[in-house]
Amino acid sequence: MTATPDLRTSRLASPDLLRSVFRRHAAGVAVITARGDDGPVGFTATSLASVSAEPPLISFGIGTGASSWLAVSRTDHVGVHVLGEHQEELAATFARSGADRFGGSTAWREGPEGVPVLDGVLAWLVCKVVTRVPAGDHRIVLAEVVLGDPAGDGRPLLYHQGRFNGLRD
């Protein structure tokens, strides 16, 4: 049973309030990749969403201060990778600022449209960027699915309360 909201403890909108609320929201973990001028780029995202089935569209958010933003702002295609619970370290690598994200421990290959495709993920898509919508200090990227593979094995990786977790039965 959930408690009735206590309006006496409510707080005015702030970045801290938003972060605190969304720490309680479990989200699937994805890695978004793109080909940049100086090589592949990528980042961990929990904002991935299915937008439309006809045409097949997805969206994700990226901060304009992120190291991958310049490449994502210029590319026509991105890779979207749904991570499994066995890929916590991969998720952490792509979330870590300054990490060598495509170094020796990351298995990947160049896919269609030159998009970096990660190996061993639960599912992946290559998508054509449709638009980038300004949203505060972020951009919402809307992209149309070109092709993909949903056939990976395992259970999804989740992010909740500031930690990576697997599903529990």
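This is a short tour of a predicted model, stop by stop, with a selection to make at each one.

**Stop 1: the seven-strand sheet**

Begin with the strands numbered 2 to 6, plus 9 and 10. They form an open sheet of seven strands. Read across it and the order is 3-2-6-9-10-5-4. The pairing is antiparallel. Which strands are at the edges? Select residues 39–45 for strand 3 and 49–52 for strand 4. Each of these edge strands pairs on one side only. Now look at how the strands are turned. Neighbours in this sheet are turned against each other by 35 degrees on average, ignoring direction.

Keep one general point in mind as you look along any regular strand. Side chains there alternate between the two faces of the sheet.

**Stop 2: inside the sheet**

Select residues 30–36, which make up strand 2, and residues 77–82, which make up strand 6. The two run antiparallel, and four bridges join them. Pick T33 next. Which residue is its bridge partner in strand 6? The partner is G79.

**Stop 3: a helix across the strands**

Select residues 88–95. This is helix 3, and it lies across strand 2 and strand 3. Turn the view to compare directions. Helix 3 runs at about 110 degrees to strand 3.

Stay here and show the side chains of E89 and R96. They meet in a salt bridge, with 3.5 Å from N to O. In general, side chains of opposite charge can pair when their charged atoms come close. How open are the two partners to the outside? E89 counts as exposed, because its relative accessibility is 52% and the cut-off for exposed is over 50%. R96 is partly exposed, with a relative accessible area of 40%.

**Stop 4: a link between two loops**

Show R155 and E85. Their side chains meet in a salt bridge at 3.9 Å, N to O. R155 sits in the loop between strand 10 (138–149) and strand 11, while E85 sits in the loop between strand 6 and helix 3. The pair therefore ties together parts that are 70 residues apart in sequence. Both ends are partly exposed: R155 has a relative accessible area of 30%, and E85 has 35%.

**Stop 5: the three-strand sheet**

Now colour strands 1, 11 and 12. They make an open sheet of three strands in the order 1-11-12, again with antiparallel pairing. Strand 1 (27–28) and strand 12 are at the edges. Each has a single partner strand, so one side of each has no neighbour in the sheet.

Zoom in on strand 11 (residues 157–160) and strand 12 (residues 163–166). Four bridges join this antiparallel pair. Select Y159, and you will find it opposite F164 in strand 12. Then select H160, which stands opposite R163.

**Stop 6: the turn of the hairpin**

Follow strand 11 into strand 12. This hairpin has two residues between the strands. Select Q161, in the loop between strand 11 and strand 12. What is its phi? The value is near 55 degrees, which is positive, and Q161 is not a glycine. In general, most residues other than glycine have a negative phi. Q161 is partly exposed, with a relative accessible area of 40%.

**Stop 7: two more backbone spots**

Go to E113. Its phi is near 60 degrees, another positive value in a residue other than glycine. E113 is in the loop between strand 7 (108–110) and strand 8 (116–118).

Next, select E54 and P55 together. Is the peptide bond between them cis or trans? The bond is cis, with omega about -5 degrees. Most peptide bonds are trans. P55 lies in the loop between strand 4 and strand 5 (57–63).

**Stop 8: toward the N terminus**

Select D6 and R8. They form a salt bridge, and their closest N and O atoms are 2.9 Å apart. D6 counts as partly exposed at 32% relative accessibility. R8 counts as exposed at 75%. How many salt bridges are there in the whole structure? A full search finds six.

Finish with a surface view. Select L18, V21 and F22, which make a nonpolar surface patch of about 310 Å². Hide the surface to see where F22 sits: it is part of helix 1 (residues 15–23).

Key. Residues are numbered from 1 along each chain as its sequence is written. This is a predicted model: local features need pLDDT of at least 70, side-chain atom pairs count only at pLDDT 80 or more; totals for chains, interfaces and linings use all residues. Side-chain values use heavy atoms; hydrogens and water are left out. Two strands pair if DSSP finds at least two bridges between them. Axes are lines fitted to C-alpha atoms, for helices over the stretch in contact, and angles run from 0 to 180 degrees between N-to-C directions. Contact means heavy atoms within 4.5 Å. Patches are made of residues with over 30% relative accessible area and no salt bridge: like charges are joined within 9 Å, nonpolar side chains (Val, Leu, Ile, Met, Phe, Trp, Tyr) within 5 Å. Accessible areas come from the Shrake-Rupley method with a 1.4 Å probe; for residues, only the protein chains shown count as cover. A salt bridge is a side-chain nitrogen of Lys or Arg within 4 Å of a carboxyl oxygen of Asp or Glu. Buried means under 20% relative accessible area, exposed over 50%, partly exposed in between (1.4 Å probe, protein chains only).
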